[in-house]
Structure formats: structure tokens, C-alpha cells
Amino acid sequence: MNRPARSKNVAIVVFIVLLLTPVYWLLNMSFKTNQEILGGLTLWPENFTLDNYVVIFTDPSWYSGYLNSMTYVSINVVITLLVALPAAYAFSRYRFLGDKHLFFWLLSNRMAPPAVFLLPFFQLYSSIGLFDTHIAVALAHCLFNVPLAVWILEGFMKGVPREYDEMAYIDGYSFPRFFVKVFLPMIRSGIGVTAFFVFMFSWVELLLARTLTAVDAQPIGAIMTRTIGASGIDWGVLAAAGVLTIIPGLLVIWFVRNHVAKGFALGRV
Amino acid sequence: MDRIPDNRAWWLVLPVFLLVAFSALIPLMTVVNYSVQDIFGPGQAYFVGTEWFREVLTDQRLQDSLLRQFLFSGAVLLIQIPLGIGVALLMPKSGIKGSLCLILVAIPLLIPWNVVGTIWQIFARGDIGLFGWGVNQLGVDYNYTGNTVDAWLTVLLMDVWHWTPLVALLCYSGLRAIPEAFYQAAEIDRASRWAVFRYIQLPRLKSVLVIAVLLRFMDSFMIYSEPFVLTGGGPGSSTTFLSQTLTTMAVGQFDLGRAAAFSLVYFLIVLLISWLFFTAITHADKDT
């Protein structure tokens, strides 16, 4: 191995180590007892314990938070992809009345600060009886995820030459059949990458999710604020809960890693 | 690629249009409605015209948090974009090492924002956090809950830690889309490393960089959960950014009219800057 390549490797390893240190610290804490955490600084758990995790896995008020978060995130990913795929196709293939304005208007919703929408959303979903349901949070997250999905997908779709569409029509494919059987498989990577980003932004958002839920659909992030009890903060359980929030994301990135590695140029904006 | 003019394409965008109209237009109209009224209770609202807007635009507290917000977003972009490109260039091109890097680098992105706050709240503490303890051991008097500069640096560091991976990931994907032939041509021409970056990689990264810059600008401008958990906006109000000021006003003080007017001004600022950026890029595209 030549010198520049080695220094490159060292640099990236150093970066990743720095990046993972805070996460390691959380992991480290999650295996400690509260006495050890508050007793002084230890670089690894000296009294290794799984108690913090046991608390979370045995208490329904804890683990239901994960189930709630995963439910509304899944619903959101499905809705977003279902509506964004045809729309992105339209933007990538056709010119139509007001297309540019519509595109910017969509994007402008990605720019809307969630804080702006807190109260109106609360009132809107309360008035139609969806307050504290998974579907309410999933719909609310569409506000920023649908525009993002259309944006990313459109770039991928532009990379597919229109000759494919025309050939399929000559072969007698109807539009829906062409779209599902021919077109979607061609942009698999794009769908994977989009699903990843949509999942990510819905999973990490808390402000809207917390405002639109009370008990039945409460996300894990909101439940975590409850560790601040009468006896101070339960650091160990808090850390364990934090560690567990990283797992679903890791699974998703594992599935899409090859799509991201394949690369995307994302057309014009 | 030339696009075919066909208005029937509207049928394909209709679901998106309806969905986004439902979740954006209705709430936005509610905000507009609040912003011109003074509301004392159900059925007791009075039309006040532009009074709230005038009040909001001259409010010292809001101007301060707007200034802080610009400083923060500017710093975020200046640090994260170059750093992200650098990291993307360093990451292994393919194979198991590439995949591993990809996954490890993506980890901060997958953590819920309030947990990011929690992680740094612990990590930066002088007594039980590695970072805070380490800095104190170096002889620097560091305390992010008491000192304004320390609080700012911690929030900034947290955001760099949290979001540089997004820039890196987008750029990495952009780099992978460059055909190998470009590099071979550069090698034949004996182009320097810098020339390869400047004339091959950077132009090809443009579209992903636009996405990265826009996303980073929008999201840093709306930042809420992370500093809220980490510093609670303090010490004083030194790390209170726009979203937090707004949320305190709307939910904490239930000052609906003022909060709504503030919301609209806030939204318009984001929109205006993004639009300027967006047009600048599209125009630059046409010139080349």
C-alpha cells in the first residue's frame, strides 16, 4: 500500500472513531448501574448489568413507545412512496400546467419549520378525531417527507431514458403495468435510497409526533422524558432507551447500503 | 431530456397535491387566521389587522434569536459542507470496507433528535461525560450549562457531529456515480489530485451538493429538539433559536396571535432564502 492511501485510511478511521465516541459513551452507560454512573468516570462498565434493558423490555409503558414509533414510521413510508412515485414520474417525464410552481410549492413544505404547524396540526387532527393515533403522526410527517421523496425520486427517474417507456408501449404494455413491471424495477436503488431518507426523517422527528399524541400512540422519544422522576434522572435506563432507538435505523441502513454505494447523481434540481 | 407537454400528468401528481394540501394548506390558513386576530377564548376573537406583525417585527427578543439563528446556520454550513466532502473523498470506494464505513458514518443520522440532545447532555458533562471530563482534564475551564461560549461551541459541535454524515453520505453517493473513464482520462493527462477534484469531482457533485446545502440550511434553521434537550436554550437565552422562541410563545404562553404572525414571518424568511438559492443554482445551470 502506498503512503497517500495509508494516510487516507488513518484519517477515515480517526473520523469514525471520533464519530462513534459519543455513541460508545451512551452504550457504556447503558450497562452501568446508576451508582457507578454517578460514582465517577469509568471507561467501561465495571459492574456490568443488563438491568436497564430489563426495565425497558418488561415495562409496557416503555416498549410500547418503540412499537408506536415503528408503526407510524412504517405507515408514513408506505403512504409517502405510494403518492410520491407517480408524482415524481410525472415531473420527470411531462411538462404540464404549473409544473415548476407546483414543484417549488412542494419543496416549500419541506422548508416549513414544524414549530409553525404545531398548534394548527393539533387542532386539525383533534377536530377530525385522529388525535393520539398512529395515522395522525404518519400524515403529519408527510408534510416534509412527501416533498423530499418526490425530489429524490425525480432525480433517479430522469436517469432512465424515455426510450424504455416508448418501447414498453409499443410492446403493448398499459401504463400501470409498465410502471409496476418495467419502470419500478429499473429504479430500485432510487426507491431504496428514498425509503431510507423517508424512514430516517420520520424516525428522528419528535416535535410533531409528541404534540399529536398523548398515550396510545406516544413515540419513544416522548416516553424518554419521563425518566426524570422524583429521585432525579435515571441515567442508566435513559441510556439504554437511547441505545435501543438506534437499532431500527441500523437495520434499515444495512438493507439499503448497496443502493447508496451504487451512487446517485440526482439529475438537475 | 426534453419533457413532453401533457396536462394529463396532473392525474399523477393529484394524490401528492391533495395530501400536501391537506397537511399544509389547512394548517397554514389557520395560522393566517390567527395572525390577524386577538383571541381571548372560544368565540371571543377580534380582528386586529397587522398589529401582531408590527409587534413581532419590532420585538427585540425575536430579533436577537433571528440573529443567533443566522449565525448558527452560517457556521453550520461553513463547517459541515467542506468537512462532509472531505470525509466522502476519504471513504473506501467499494467492498466490505466501503459498506462498513457507510453504516458507521450514518449512525448519528439515525438517532432521534431528542436522544442526540441526551447523548451530548451526558457526553459533555464535566462529572459523568467523557468529553466534558476530558476537556476539564486538559486544564480548560469548560462548563456548557454556565458559560455562553461553551454552550455555543457544544451546540455547534453536536450539530457537526449529527449532520456532517448526511453531507458525507450524499457526496459519497455522488462520487460513486462518476464513471471510471473520467479518472482514467485524468491519469493519462497526468492531472494532479487537486485538478481531479476541481475539474472532475466537484462539478459532478454539484447536484448532490445543492441538496445537501438546502437540506442543511432548512434543518439548521428549524433546529429545536437538540439544543432544547442539551441546554434548554441557556445559559440565559444564548442558545435559544427561532423554533424554540416560537414554541415557547405558542405552547408555553399560548400567545396565539403573536405566535402566528411570528410563524408566518419565520416561514417567509426560510422560503425567501431557499428560493434565492434555488434560482441562483438553476440560473447557473443554464449558463453552462
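**Group meeting: a walk through the two-chain model**

Okay, let's start with chain B: of its 288 residues, 40% count as buried. Buried here means that 20 or more other C-beta atoms lie within 10 Å of the residue's own, exposed means 12 or fewer, partly exposed is in between, and the C-beta atoms are placed from the backbone. Before I go on, this is a predicted model, so local features need pLDDT of at least 70, side-chain atom pairs count only at pLDDT 80 or more, and totals for chains, interfaces and linings use all residues. Residues are numbered from 1 along each chain as its sequence is written, while chains are lettered from A and ligands numbered from 1 in the order in which they are written.

Right, the overall picture. Chain B has 12 helices and three strands. Those are DSSP runs numbered from the N terminus, with helices being H or I over at least four residues and strands being E over at least two. Its C-alpha atoms fill a box of roughly 75 × 65 × 30 Å along the principal axes. If you take contacts in chain B between residues at least 6 apart in sequence, 69% of them join residues at least 24 apart. By contact I mean that the two C-beta atoms, placed from the backbone, lie within 7 Å.

Now chain A, which has 13 helices and three strands. Its C-alpha trace spans about 75 × 65 × 30 Å along its principal axes. Of the 269 residues in chain A, 47% are buried. For contacts in chain A with a separation of 6 or more, 79% come from residues 24 or more positions apart.

So how many residues of each chain meet the other? It's 79 residues of chain A in contact with 79 of chain B. On the chain A side, helix 1 (residues 3–30) gives the largest share, 13 residues. Sorted by class, that side of chain A has 60 nonpolar, 10 polar and nine charged residues. For the classes, Ala, Val, Leu, Ile, Met, Phe, Trp, Tyr, Cys and Pro are nonpolar, Asp, Glu, Lys and Arg are charged, and the others, Gly among them, are polar.

There's a strand pairing across the two chains as well. Strand 1 of chain A (residues 94–95) and strand 1 of chain B (residues 4–5) pair in the parallel sense over two bridges; pairing requires that DSSP finds at least two bridges between the strands. One residue to click on is A:Y94, whose bridge partner in strand 1 of chain B is B:I4.

Helices meet across the chains too. Helix 5 of chain A (residues 99–111) and helix 1 of chain B (residues 10–35) have axes that come within 11 Å and cross at roughly 40°. That makes helix 5 of chain A oblique to helix 1 of chain B. On the angle words: under 35 degrees is roughly parallel, over 145 roughly antiparallel, 65 to 115 roughly perpendicular, and the rest oblique. The axes are lines fitted to C-alpha atoms, for helices over the stretch in contact, with angles from 0 to 180 degrees between N-to-C directions. And who makes the contact? A:L102, A:L106 and A:N109 from helix 5 of chain A, with B:V13, B:V16, B:V20 and B:A24 from helix 1 of chain B. In class terms, that contact has six nonpolar, one polar and no charged residues.

Inside chain A, helix 10 (residues 188–204) and helix 13 (residues 235–262) have axes that come within 8 Å and cross at roughly 150°. The residues of this contact divide into 11 nonpolar, four polar and one charged.

Is helix 8 of chain A (residues 163–170) tucked away or in the open? None of its eight residues is buried, so helix 8 lies largely in the open. Just after helix 8 of chain A comes A:G172, with a positive phi near 90°.

On the subject of phi, most residues other than glycine have a negative one. A:D132 goes the other way, with phi near 65°. A:D132 sits in the loop between helix 6 (114–127) and helix 7 (134–158) of chain A, and counts as partly exposed because it has 16 C-beta neighbours inside 10 Å. B:R190 isn't a glycine either, and its phi is positive at about 55°. You'll find B:R190 in the loop between helix 8 (180–188) and helix 9 (193–221) of chain B; with 7 C-beta neighbours inside 10 Å, B:R190 counts as exposed.

Last stop, B:S65, in helix 3 (residues 60–90) of chain B. B:S65 counts as buried because it has 21 C-beta neighbours inside 10 Å. Leaving out residues up to four places away in sequence, B:S65 touches B:T240, B:F241, B:L242 and B:T245.
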